[in-house]
Amino acid sequence: MSASITVVGLGSGNPDRLTIGIIKTMQRASKVYVRTLSHPVITALNEFQIHPESFDHVYEAHDTFPEVYESIASALINLAKAAEEDRELVYAVPGHPMVAEATVRLLRERCPGENVTLTVLGGESFLDEAFVRLGFDPIEGFQLLDAAELRASVIQPQLHTLIGQVYDMFTASEVKLALMELYPDDYPVIVGHALGVEGEEVIQRVPLYELDRIDGYGNLSLVYVPRSDDSMLRQRTFARLHEIVGILRSPEGCPWDREQTHESIRKNLIEETYEVLETIDEDDPEHMQEELGDLLLQIMLHSQMEEELGTFTVYDVIQALNDKLIFRHPHVFGESSAKDAESALQNWEQMKAEEKRRKGLSPEKASALDGIPRDLPALMKAYKLQKKASKVGFDWDNIEGVFQKIEEELGELRQAVTEGQSDEDAALELGDLLFAVSNAARFIGADPEEALSRTNRKFVSRFSYIEEQLAAQGKTLQESTLDEMEALWQAAKSGSAQNGSIDV
């Protein structure tokens, strides 16, 4: 006979709920171990001449629960192997062995490899008492969550929600913060202690904000949030956003939204992107939040249009993005390493090339300039073209070569204007000059688009000062001379103007 462990459940706390089979199993065992003596049933076991040995001392020897559970599982396996063949080892756990019992999960994973036979018997779970004492039917929709692993993203208000293992006020506080991501601060929740245990059961209904302000938390505590079909509770969920956009595009939705196509709202995507950029420039988080929402709406609308055609959904978009992020960050999600940002970028480019190979494309045959969007703003596109060309060695050795090119192109532009060449020819020379100027950005570590944007903002700030000062004098721009405006411009530029909005 091989080494063996039999796991039994001690139930939710009421000794009257122990099954005869579990009691007999413990009585005939040569040795009974319990994870903890901190359970209402332990005292009653003495009446049946069952005197278990606990692993409570293991909790004091380790800093984290995972370490405790690993230690208990290892100890049980070693005890089972060391036991004589005819001796039966029983391990008793609170509740049901298969409900929120990490040590049993570890035993199920490890016993087969250790040549230890594992038998798991039932037991009343705390869920059984919760269904009765809290009065809900799980068939209506139910989720059981671990307080230690609780995240707002997994909470679904349309389901009855039980949060177990709320051991103390600190854990209750973490639960409260997660729930507040979806629920109002005063939303009613129910706290249950020792459900079904005579003389110990406590059920309290409290507003969410008081969840960590009440006493009594312990090993038999849980938090219950009744299900609700109130759509407002889902307003912070991505699923609700997807649902709303689907409604807007439906036959019963908005006539304007139904009529839109990729082409008709193409410009909206560009406009919303620039509005987000403006909030970044203004360092305005509140406005940024709003504009990011408008940009997200454009992504949702384009995805919804494809969902209606059956090509893909926004969830396919999300999956593809997640796959890409994980694949292109092997230094985070894989075995590679990256000591700095440059190394991380190299990993990214290498994985991009590998993606192309897996798709049957040959990175070696592709143009060095591939991958730049056709409709990028011209200055940004020029910068990216030059950056890609520099990676294959088509570049100046230093910035002096760029300066010479700028002077050369400036001379050709001056010549085109002086000689009275056509506007088209002059425009071409201007384009050459701008292209050369943008190349200087790489050598000084600047983004030309951002550099020009900063200059634009500076110009607007200084020009606005001119308008304000003239208005204070009762003048308009049209009524002022160039010398007057120039004097005010220089005042703004030098910083002599006492105006906090001036960017000097």
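A crossing of two helices is right-handed if the near helix is turned clockwise from the far one by less than a right angle, and left-handed if anticlockwise. This tour applies that term to two helix pairs in a predicted model, and then turns to a pocket.

**First stop: H18 and H19**

Select residues 448–472, which form helix H18, together with residues 482–494, which form helix H19. Their axes come within 9 Å and cross at roughly 125°. That angle lies outside the ranges for parallel, antiparallel and perpendicular, so H18 and H19 are oblique to each other. The crossing of this pair is right-handed.

Next, display the side chains where the two helices meet. On H18, the residues to select are Phe 459, Arg 462, Phe 463, Tyr 465, Ile 466, Gln 469 and Leu 470. Facing them on H19 are Met 485, Leu 488, Trp 489, Ala 491, Ala 492 and Lys 493. Coloured by class, this contact shows ten nonpolar residues, one polar residue and two charged residues.

**Second stop: H10 and H11**

Now move to helix H10, residues 266–282, and helix H11, residues 285–309. Here the axes are 9 Å apart and the packing angle is about 160°. An angle over 145 degrees counts as roughly antiparallel, and H10 and H11 are therefore described in that way. H10 passes H11 in a left-handed crossing.

To view the contact, select Asn 268, Leu 269, Glu 272, Thr 273, Glu 275, Val 276, Thr 279, Ile 280 and Glu 282 of H10. Add His 287, Met 288, Glu 291, Leu 292, Asp 294, Leu 295, Gln 298 and His 302 of H11. By class, the contact comprises six nonpolar, six polar and five charged residues.

**Third stop: the largest pocket**

Finally, centre the view on Tyr 69, Ala 100, Asp 146, Gln 165 and Tyr 167, the lining residues nearest the centre of the largest pocket. The pocket has a volume of about 1100 Å³, and 41 residues line it. Elements giving two or more residues to this lining include helix H3 (56–61), helix H5 (102–114) and strand S6 (142–146). H4 contributes the most, with four residues. The lining consists of 21 nonpolar, eleven polar and nine charged residues.

Conventions: Residues numbered from 1 in each chain as written. Predicted model: local features only at pLDDT ≥ 70, side-chain atom pairs only at ≥ 80, totals over all residues. Heavy atoms only, no water. 1 Å grid on protein atoms, 1.4 Å probe; cavity = no way out; pocket = protein on both sides within 12 Å on 5 of 7 lines; lining within 4 Å. Points joined across faces, edges and corners; volume = space filled by probe spheres on them. Nonpolar A, V, L, I, M, F, W, Y, C, P; charged D, E, K, R; others polar. Axes fitted to C-alpha atoms, helices over the stretch in contact; angles between N-to-C directions. Parallel < 35°, antiparallel > 145°, perpendicular 65-115°, else oblique. Contact = heavy atoms within 4.5 Å.
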